[in-house]
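Visitor: Before we begin, could you show me the structure and then explain how the words used for it are justified?

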Amino acid sequence: AMARINTSVEDFKKVLASSDRVLALCGAGLSAASGLPTFRGAGGLWRNHEATSLATPEAFAKDPALVWLFYAWRRHMALRAQPNAGHYALAELARRNRNFLCLTQNVDDHPQSQLRMLHGELLDLKCFDGCGYVERHNTSDPLCPALAAAAEDYPPDQTMPLLDPNQPIPDIKVEDLPHCPGCKTGLLRPGVVWFGERLDEAMLREVDDWIDKDKFDLVLVIGTSAVVQPAAGFVDRAADQGATLAVFNPDPEAAAGLVDGDYFFQEDSAKILPLVIE
Ligand code: BJW
Ligand code: ZN
């Protein structure tokens with residue numbers, strides 16, 4: 001039988017108001033209304049590449065110029081993007097409830113006391129050779145002259161040549177990509193977590209401890225396909241403890257796995273979050 005999923009804003013507001021420990025897991029869909037692309041499904045292609053295939057150390061080792069163009073373009077987009085009403089609603093929830101913890105898989109946010117950026121930060125730079133060099137929050141755009149093609153602005157009716165797979169990719173020499181000021185030999189790379197890489201250990205331990213501390217009342221799953229580990233596992237763990245889940249996602253498939261009494265809002269998170277958190 002189909003699970004009886006609740007879709008009532010009024011019911012949800014009561015559950016939220018009576019919830020103490022609340023966890024949120026956010027993904028790329030939260031930033032969709034700010035004009036930033038998601039990873040999977042429509043919008044997950046960059047030129048003719050799957051965005052997820054570029055987010056690996058292997059892709060960077062093989063073709064650092066290609067991967068840097070992708071991230072330089074993401075930096076350019078993120079630097080121009082504005083937070084949307086969904087971001088503001090979550091910030092309001094954090095102000096109201098000190099026992100609310102927000103985990104985001106997005107790299108385009110700003111760390112705060114109740115926000116953990118599981119997959120790192122797009123504007124951070126670190127050494128690909130692992131010498132330990134890190135630069136926080138570098139906002140240069142373009143990051144270097146070789147990556148200028150990723151930082152050009154075009155009118156909305158024109159396709160940026162970089163995004164047109166029929167246009168050749170700019171020819172960039174590896175020596176013209178940003179290099180590590182620490183060891184002088186390694187390439188710099190974005191300070192994000194790629195597939196096969198470990199999340200920040202201290203952050204993981206802190207999140208683990210917080211989850212194990214007590215039962216959850218409510219878990220919000222916002223704009224994420226929830227397929228990437230260990231992020232998605234946090235939701236499963238909270239659900240196993242008996243928490244009510246509430247999914248905010250326009251894709252009907254995002255409701256798979258919900259059980260009786262859970263909530264599903266099949267909408268743009270920028271529209272629905274302000275209504276349920278007001
Ligand atoms: C809207 C909307 C709107 C649209 N409003 N919603 C087999 C089993 C289990 C695990 C593994 C496995 N094989 C490999 C692994 C491990 C791997 C993994 O989980 N892979 C799975 C895919 C199977 N995980 C890792 O490698 C992690 N590390 C790790 O496990 O370390 C331990 C270890 C390492 C080595 C050896 C042994 C152990 C690291 C994962 C790092 C993920 N990195 C990326 C890139 C980050 C940098 C960057 O931004 O470029 O993170 S990949 C990409 O996916 C990015 C995202 O944060 C992440 C999640 O994607 P997200 O946010 O959910 O986006 P989408 O596009 O998938 O979904 C968007 C959703 O929004 C959709 O549902 C839309 O419908 C919706 N939406 N518009 C609301 N307006
Ligand atoms: Zn270095």
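The conversation below takes up a sheet, a loop residue, two domains and a ligand shell.

Guide: This is a predicted model, in which local features need pLDDT of at least 70 and side-chain atom pairs count only at pLDDT 80 or more, while totals for chains, interfaces and linings use all residues. Residues are numbered from 1 along each chain as its sequence is written, and chains are lettered from A and ligands numbered from 1 in the order in which they are written.

Visitor: How do you know that strand 6 and strand 7 pair?

Guide: Strands are DSSP runs (E, at least two residues), numbered from the N terminus, and two of them pair if DSSP finds at least two bridges between them. Strand 6, residues 120–127, has two bridges to strand 7 in the antiparallel sense, so the condition of at least two is met. Within this pairing, Leu125 stands opposite Glu135 of strand 7. Strand 6 also pairs with strand 8, again antiparallel, over five bridges, and here Glu121 has Gly191 as its bridge partner.

Visitor: What makes strand 7 and strand 8 the edges?

Guide: The three strands form an open sheet in the order 7-6-8. Strand 7 (134–135) and strand 8 (188–192) each have a single partner strand, so one side of each is left without a neighbour in the sheet.

Visitor: Why is Ala149 called partly exposed?

Guide: A residue is buried if 20 or more other C-beta atoms, placed from the backbone, lie within 10 Å of its own, exposed if 12 or fewer, and partly exposed in between. Ala149 has 17 such atoms within 10 Å, so it is partly exposed. This residue belongs to the loop between strand 7 and strand 8. By contrast, four of the five residues of strand 8 are buried, so that strand is largely enclosed by the rest of the structure.

Visitor: Which residues does Ala149 touch, leaving out those up to four places away in sequence?

Guide: They are Leu69, Leu162 and Pro170, where contact means that the C-beta atoms, placed from the backbone, lie within 7 Å.

Visitor: What are the bounds of the two domains?

Guide: Domain 1 covers 1–36 + 81–119 + 198–278, and domain 2 covers 40–80 + 121–192; such bounds come from an automatic or database domain assignment. The contact between them takes eight residues from domain 1 and seven residues from domain 2.

Visitor: How many residues from each domain does the shell around ligand 1 draw?

Guide: The shell draws at least three residues from each of domain 1 and domain 2.

Terms used
Two residues are in contact if their C-beta atoms, placed from the backbone, lie within 7 Å.
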